[in-house]
Amino acid sequence: MVITLAFLILAIVLATASYNRPVALVGLGLHYVATGVLLGEAAGIQIGLERFVVGAVVCAAIWLAIAGVPVLKAPRRLKPIVRANPAPGAGGTSDIQAPPTAPPPDPDQEAAEQPRQELATTPFFRLATIALCLIGAVGLAQNYPLAGSGEQAPLLNFAWYSLVIAGAFATAITRDPLALGIGLLLVFSGTEFAYAVWTAATKPNLLAVLAAIHLVLALLISYLVRASVGPPEASPEADKMGDAR
Amino acid sequence: MSYALLVFIPFGVSTCAYLARRARTLAAWMSIGAIALEVLLAVGLSDRGQLLGIAVDVHPVARLILVATLTLMAATFFYAWLMGRDSSFFASGLATAGAITASILTMSEPFVASAFVMLSALFAAFGLLPQYGSKKHAMAAARYISSMVMAGICLLTAFMVVGEFLVAREPLLARVATAAVVMGLAILLAAFPFHFWLPRVIEQAPIVASALLIGPIGMLGVGFFIATVDGFPSMLADERTRTLAMLVGTQAALGGAVLAYSQRRLTHLLAYSLASAAGATIVGLASGSILGIGGAVLSSLGNALSATLALMCLGLASEDGSAPADDRLMGLKSRQPFTLIALLIAGLGLAGLPPFVVFPGRWMIYEAAALREPLLALALIAASAILVLAHARSLHRLMSSAESAAPSASHPRGATRLILSMALLSIVVGLYPAPILELINAVLSQMPSLL
């Protein structure tokens with residue numbers, strides 16, 4: 001169980017600290033494998049199997065969405081959170097001021113439509129914060145052990161606390177839809193883990209509902225990732241056909 | 001059999017509506033037909049049975065809320081069809097209806113029901129993303145999805161703790177469970193200060209999708225809370241816990257009202273009015289009395305009706321199906337006088353002013369709060385007065401504004417008739433609430449746990 005737990009920690013670090021989308025997705029997939037193994041031992045083999053299947057489907061759905069989406073670049077230094085200015089020529093600032101042709105846009109409306117820059121979180125900052133999250137999870141697991149009983153209880157409590165805390169951290173510091181979605185999946189996974197260990201519930205209908213939440217969340221994340229990069233580009237042939245019509 | 005039909009009809013028709021999304025009229029009428037069938041099935045539903053291995057015990061309040069929710073959804077679908085909006089909305093709306101129904105049927109197992117509440121909120125989020133490349137919709141949706149996952153986790157955690165409480169009988173666990181349920185409900189209803197998702201959703205998302213998130217999901221949250229309190233009376237048995245929960249609701253009502261007063265935009269005013277109204281609903285629910293809970297049910301029905309009406313009015317003044325900027329609303333009195341009247345009724349209704357639909361429920365909440373602590377009732381009345389002032393100021397601005405330079409949006413007459421019917425319903429229920437109150441009291445009197 002200790003090895004599986006180390007595997008889970010690696011998965012959490014990859015899923016929450018990486019700027020590389022495929023690596024983060026691999027981290028998410030590994031987390032499903034690790035929690036599946038842990039739950040298989042603690043609460044029953046069918047729960048473990050359900051985790052593997054759900055993890056495979058969730059990762060496949062997100063993979064299809066992120067294929068072709070540009071990879072995020074990690075910031076090299078801390079930057080203040082500022083609103084991004086649109087490029088000159090696209091209604092943004094430039095050295096030569098064009099005469100106003102329309103009433104000035106509402107700043108609130110404009111701000112809502114502009115994407116905001118990622119919070120200044122360098123990889124070092126992320127790793128250090130995740131380490132702090134894990135230390136916090138150790139403290140909580142020792143002082144407030146909510147789930148499980150017996151010798152393995154501290155490890156299981158650490159597992160679900162670390163999933164919830166690291167997932168919440170990942171959700172809080174990003175505006176990237178994929179990172180946000182992975183954070184939400186980790187938080188939900190942690191809650192589900194605690195419930196499974198606490199009650200040893202193996203009702204198939206309950207497992208199906210919880211699995212449906214994972215899948216719907218994965219579909220929403222995929223949708224958000226695609227929506228955040230713009231409309232699919234039409235091919236030149238299609239444009240020509242449209243003009244001909 | 002009818003339980004399974006109630007759950008699977010909306011999911012099945014949702015799939016068909018998605019496949020037929022290019023034939024918008026077909027998708028719309030399939031959806032409206034499915035919802036009408038759902039209402040008929042829900043009215044004639046037997047109280048006990050089995051659904052996929054889960055014991056079903058249909059709670060009387062939940063049945064009432066299910067019928068009201070489905071009726072409101074049918075009206076929203078009809079409006080979406082009239083306005084010619086994105087047809088994929090019907091698929092997400094029907095999936096939401098299926099999950100809401102499943103949640104209401106499984107309330108005897110609150111953990112499963114909480115999971116369905118979360119699922120219904122997530123299905124509703126699909127309506128926020130009508131097209132690729134819409135970054136503003138994506139941002140609003142991301143905020144809403146995060147909030148709903150957190151609300152769902154609060155509810156799931158609460159019922160884990162309730163399970164432990166039933167074994168250990170530790171009073172602290174009951175308090176933790178109550179706190180988690182109230183927090184989950186506050187996020188679902190967007191009560192201040194858990195309203196962070198609402199202003200952006202109303203401003204940026206398609207109107208019909210916002211109406212789906214605010215009305216049906218809010219009513220589901222209220223029904224879920226009542227069924228939970230009935231199933232686990234220990235949650236509100238402690239006097240201090242009840243008072244604390246009522247205080248949380250009162251600060252939400254006051255805080256939301258003060259924020260609403262400071263808003264200049266109509267969409268933000270609407271969002272903060274809802275955040276305040278949700279606070280009053282929480283006070284009624286937390287009172288644990290028939291008077292307060294009855295008021296909360298009536299108030300939540302009224303809030304849902306008023307919010308849907310206000311959003312539909314905004315949709316009529318808009319061109320693209322999302323909430324219009326305020327400059328488009330200028331000169332509304334000359335372009336669309338009926339829309340302005342309906343908007344006035346919806347806004348003042350949300351503020352809890354008589355003789356509109358929210359007032360009778362709000363009055364019952366004031367009474368329940370006064371019985372516990374008169375200061376709470378005074379604070380709620382102050383919140384309502386601030387909201388009335390805010391809406392009156394906004395109305396004055398709309399009435400005295402010059403004609404907008406923006407071209408007038410064309411809209412079907414059917415949509416105007418629909419909003420006028422809803423406005424009339426708001427006034428009729430506000431003036432003569434006795435039949436609905438009798439129904440609610442009859443339902444609540446079957447709950448022995450209430451004070």
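The following exercises, each with a worked solution, concern a predicted model.

**Exercise 1. Describe the fold of chain B by its secondary structure, dimensions and surface.**

Solution.
Step 1. Begin with the secondary structure: chain B holds 19 helices and two strands.
Step 2. Test the compactness. The globule rule gives 22 Å for 451 residues, and the radius of gyration of chain B is 20 Å, close to that value; chain B is therefore as compact as a globular protein of that length.
Step 3. Give the dimensions. The C-alpha trace of chain B spans about 65 × 50 × 40 Å along its principal axes.
Step 4. Consider burial and surface. Of the 451 residues in chain B, 64% are buried. The chain exposes about 15400 Å², of which carbon and sulfur atoms supply 68%.
Step 5. Consider the contacts. Taking those in chain B between residues at least 6 apart in sequence, 79% join residues at least 24 apart.

**Exercise 2. Determine whether helix α7 of chain A is covered or open, and compare its span with the expected one.**

Solution.
Step 1. Helix α7 of chain A covers residues 177–199, which makes 23 residues.
Step 2. From first C-alpha to last, this helix reaches 33 Å, close to the 33 Å expected at 1.5 Å a residue.
Step 3. Of the 23 residues in α7(A), 22 are buried, and the helix is thus mostly covered.

**Exercise 3. Locate the salt bridge between A:R21 and A:D176 and state what it connects.**

Solution.
Step 1. Recall the principle: side chains of opposite charge can pair when their charged atoms come close.
Step 2. Apply the cut-off, which is 4 Å between a side-chain nitrogen of Lys or Arg and a carboxyl oxygen of Asp or Glu. The side chains of A:R21 and A:D176 meet at 2.5 Å, N to O, in a salt bridge.
Step 3. Place the partners. A:R21 belongs to helix α2 (residues 21–43) of chain A, while A:D176 sits in the loop between α6 (153–172) and α7, so the pair ties together parts 155 residues apart in sequence.
Step 4. Assess burial: A:R21 and A:D176 are both buried.

**Exercise 4. Analyse two salt bridges of chain B, B:E203 with B:R265 and B:R242 with B:E239.**

Solution.
Step 1. In the salt bridge of B:E203 with B:R265, the closest N and O atoms are 2.1 Å apart.
Step 2. This pair links distant parts of the chain, 62 residues apart: B:E203 is in helix α8 (residues 198–204) of chain B, and B:R265 is in the loop between α10 (239–261) and α11 (266–287).
Step 3. Since buried means under 20% relative accessible area, B:E203 is buried at 12%, and B:R265 is buried at 14%.
Step 4. The side chains of B:R242 and B:E239 form a salt bridge at 2.9 Å, N to O. These two residues are three apart in helix α10 of chain B and are therefore separated by about one helical turn.
Step 5. B:R242 is buried, with 7% relative accessible area, whereas B:E239 is partly exposed at 43%. Salt bridges with shared partners join B:E239, B:R242 and B:R372 into one network.
Step 6. Over all chains, the count of salt bridges is six.

**Exercise 5. How many disulfides are there over all chains, and are B:C16 and B:C313 buried or partly exposed?**

Solution.
Step 1. A disulfide requires two cysteine sulfur atoms within 2.5 Å. By this rule there are zero disulfides over all chains.
Step 2. B:C16 has 38% relative accessibility and counts as partly exposed.
Step 3. B:C313 has 1% relative accessibility and counts as buried.

How values were computed. Residues are numbered from 1 along each chain as its sequence is written. Chains are lettered from A and ligands numbered from 1 in the order in which they are written. This is a predicted model: local features need pLDDT of at least 70, side-chain atom pairs count only at pLDDT 80 or more; totals for chains, interfaces and linings use all residues. Side-chain values use heavy atoms; hydrogens and water are left out. Buried means under 20% relative accessible area, exposed over 50%, partly exposed in between (1.4 Å probe, protein chains only). Helices (H or I, at least four residues) and strands (E, at least two) are DSSP runs, numbered from the N terminus. The expected span of a helix is 1.5 Å times one less than its number of residues. The radius of gyration is taken over C-alpha atoms; the globule rule is 2.2 Å times the number of residues to the power 0.38. Contact means heavy atoms within 4.5 Å. Accessible areas come from the Shrake-Rupley method with a 1.4 Å probe; for residues, only the protein chains shown count as cover.
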